[in-house]
Amino acid sequence: MSTSNGQPVVWIWRTPSGQAPRRFTVAGAERAQAFHRTLPGYQPTPLVPLRDLAAMLGLAALHVKDESGRFGQQAFKVLGGSFCLHRCMEENWDLREPGAPQPAAGCEPLPGAGVAGAAQPSRTVVTATDGNHGRGLAWSASRLGLGCVVYLPRGSAPERVEAIRALGAQAVVTDWNYDETVRFAGRQAERHGWVLVQDTSWEGYEQIPAWIMQGYTTMGLEIARQLDRPPTHIFLQAGVGAMAGALCGFFADCYAAARPVITIVEPHQASCLFQTARHDDGRLHRVDGELRTIMAGLACGEPCHLGWEQIRAHAGCFVSTPDAVAATGMRVLGNPAGADARIVSGESGAVTTGLVYAIMRDPALGDLRRQLRLDGQARVLCLSTEGDTDREQYRRIVWDGLY
Ligand SMILES: Cc1ncc(COP(=O)(O)O)c(C=O)c1O
């Protein structure tokens with residue numbers, strides 16, 4: 001079994017406080033979805049019932065949300081960037097014309113309001129990305145005729161870089177890890193008067209990421225409408241935790257009466273939310289260094305504080321996994337049991353299903369299985385947040401058995 005022949009899976013429990021500002025509500029998700037519906041090619045992505053796999057694992061149900069077909073961009077991330085740019089326009093931050101973007105009269109922006117170099121022309125949006133957010137932003141910016149500059153961390157897969165360039169954006173691979181690249185993008189924004197559209201928040205930079213996170217809740221709303229019964233367990237993968245935070249808030253609002261157990265899943269090498277939960281001292285804890293993992297989308301060392309606020313309130317279990325779990329998930333989803341549908345899932349997308357598979361199959365994870373109460377009554381929801389965004393690596397893992 002993949003987990004026991006390599007590094008172990010580790011986990012901790014934390015009692016969710018249940019207390020967080022209601023930023024990601026069903027009503028907010030309806031608003032986001034109403035916008036997404038106006039975009040060409042919008043349709044809810046499939047929520048795939050893996051009935052045979054559920055039966056094989058001894059679960060009542062296992063559903064996987066397949067984001068590989070989202071607007072042709074292979075990942076959920078485009079929901080965030082597109083909704084954020086739309087909200088900037090709605091609030092009269094005129095991104096097209098030279099001049100400082102200004103919130104509409106009477107609108108109280110959050111601190112920082114996300115605008116760097118506000119006194120300068122701001123026709124260009126800029127971001128740092130592992131690939132998926134930058135690709136989604138480039139797609140959204142091109143539709144609006146905005147310039148787009150995207151910085152990627154060192155070691156980014158050439159296919160991910162090219163996918164961004166193909167959308168007309170300037171894509172530059174830096175010499176730094178993800179978090180250092182985010183800071184560089186911020187400095188570039190200030191220097192050139194570009195608008196920083198970053199999918200993570202920090203003190204003083206909240207409005208833009210809050211809109212991006214609201215954009216992600218379209219995915220939650222689709223799921224809630226596609227399921228005929230609430231799930232008992234939800235597994236959310238996390239990089240900075242913006243997506244997981246938005247969905248924690250959304251599901252808490254949506255399933256207030258029957259709150260599912262939410263588990264946050266990260267790679268060992270970038271487990272900043274796990275570390276933050278473990279210390280539990282009211283501060284965010286970062287992970288430095290290379291962040292070397294095959295889960296490129298999750299290779300982030302600094303938590304998003306708006307995300308953590310929701311995760312802290314609503315998630316009960318934090319799991320740090322080796323890469324092998326993601327690889328197993330890719331193989332399981334790509335080679336389905338019985339009559340189940342096939343899902344093409346990339347490294348960051350597959351880790352949650354890989355973890356559920358490992359928990360149910362690996363005797364070494366029996367304690368976690370029992371604590372989570374993953375049994376014949378459990379209705380499990382996992383998100384496959386991306387398709388094969390690096391096809392060469394996908395084949396190395398799924399065909400050649402890497403990891
Ligand atoms: C495919 C995929 N899944 C999950 C995530 C995690 O999102 P977040 O960084 O908001 O935690 C990312 C982030 O880029 C991603 O690309």
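Why is the sulfur of Cys248 not in a bond with the closest cysteine sulfur, in Cys304? The two sulfurs are 12 Å apart, which is too far for a bond. Keep in mind that we're looking at a predicted model. A disulfide is a covalent bond between the sulfur atoms of two cysteines, and in this structure the count of them is 0. Cys84 is in no disulfide either: its nearest cysteine sulfur belongs to Cys88 and sits 4.3 Å away, while the cut-off for a disulfide is 2.5 Å. Both residues we started from are tucked away from solvent: Cys248 has a relative accessible area of 0%, so it counts as buried, and Cys84 is buried as well, also at 0%.

Now for the rings. A pair of aromatic rings is described by the distance of the centres and the angle of the planes. There are 10 aromatic pairs here. Take Tyr151 and Phe184: their ring centres are 4.9 Å apart and the planes meet at 75 degrees, so this one is edge-to-face. The pair bridges distant parts of the chain, with Tyr151 in strand S5 (residues 147–152) and Phe184 in helix H6 (residues 178–192), 33 residues apart. Both Tyr151 and Phe184 are buried.

Next, have a look at Trp308 and Phe318. With centres 6.0 Å apart and planes at 50 degrees, their rings make a tilted pair. Trp308 belongs to helix H10 (residues 305–314) and Phe318 to strand S10 (residues 317–321), so the pair ties together parts that are 10 residues apart in sequence. Here, too, Trp308 and Phe318 are buried.

Some rings gather into a group: Tyr42, Phe71 and Trp139 form a cluster linked by ring pairs. Trp139 has a further partner, since Arg143 lies over its face, 5.8 Å from the ring centre. You'll find a similar arrangement at Trp399, where the charged end of Arg395 sits over the ring, 5.7 Å from the centre.

That leaves the ligand. It has 16 residues around it, and those that come nearest are Asp130, Asn132, Gly239, Gly241 and Thr385. Zoom in on the ligand's oxygen atoms and you can pick out some polar partners. The side chain of Asn132 places an N or O atom 2.7 Å from a ligand oxygen. Gly239 uses its backbone instead, with an N or O atom 2.7 Å from an oxygen of the ligand. Gly241 has a polar backbone atom 2.8 Å from a ligand oxygen. As for how much of the ligand is covered, the protein takes up 99% of the 390 Å² of accessible area that the ligand has on its own.

Conventions. Residues numbered from 1 in each chain as written. Predicted model: local features only at pLDDT ≥ 70, side-chain atom pairs only at ≥ 80, totals over all residues. Heavy atoms only, no water. Phe/Tyr/Trp six-rings, centres within 6.5 Å; stacked < 30°, edge-to-face > 60°. Helix = DSSP H or I, 4+ residues; strand = E, 2+ residues; numbered from the N terminus. Buried < 20%, exposed > 50% of the residue type's maximum accessible area, 1.4 Å probe, protein only. Lys NZ or Arg CZ within 6 Å of the ring centre and 35° of its normal. Near = heavy atom within 4 Å. Polar contact = N/O pair within 3.5 Å; in protein donor to acceptor, adjacent residues only side chain to side chain. Areas by Shrake-Rupley, 256 points an atom, 1.4 Å probe, with all protein chains shown as cover.
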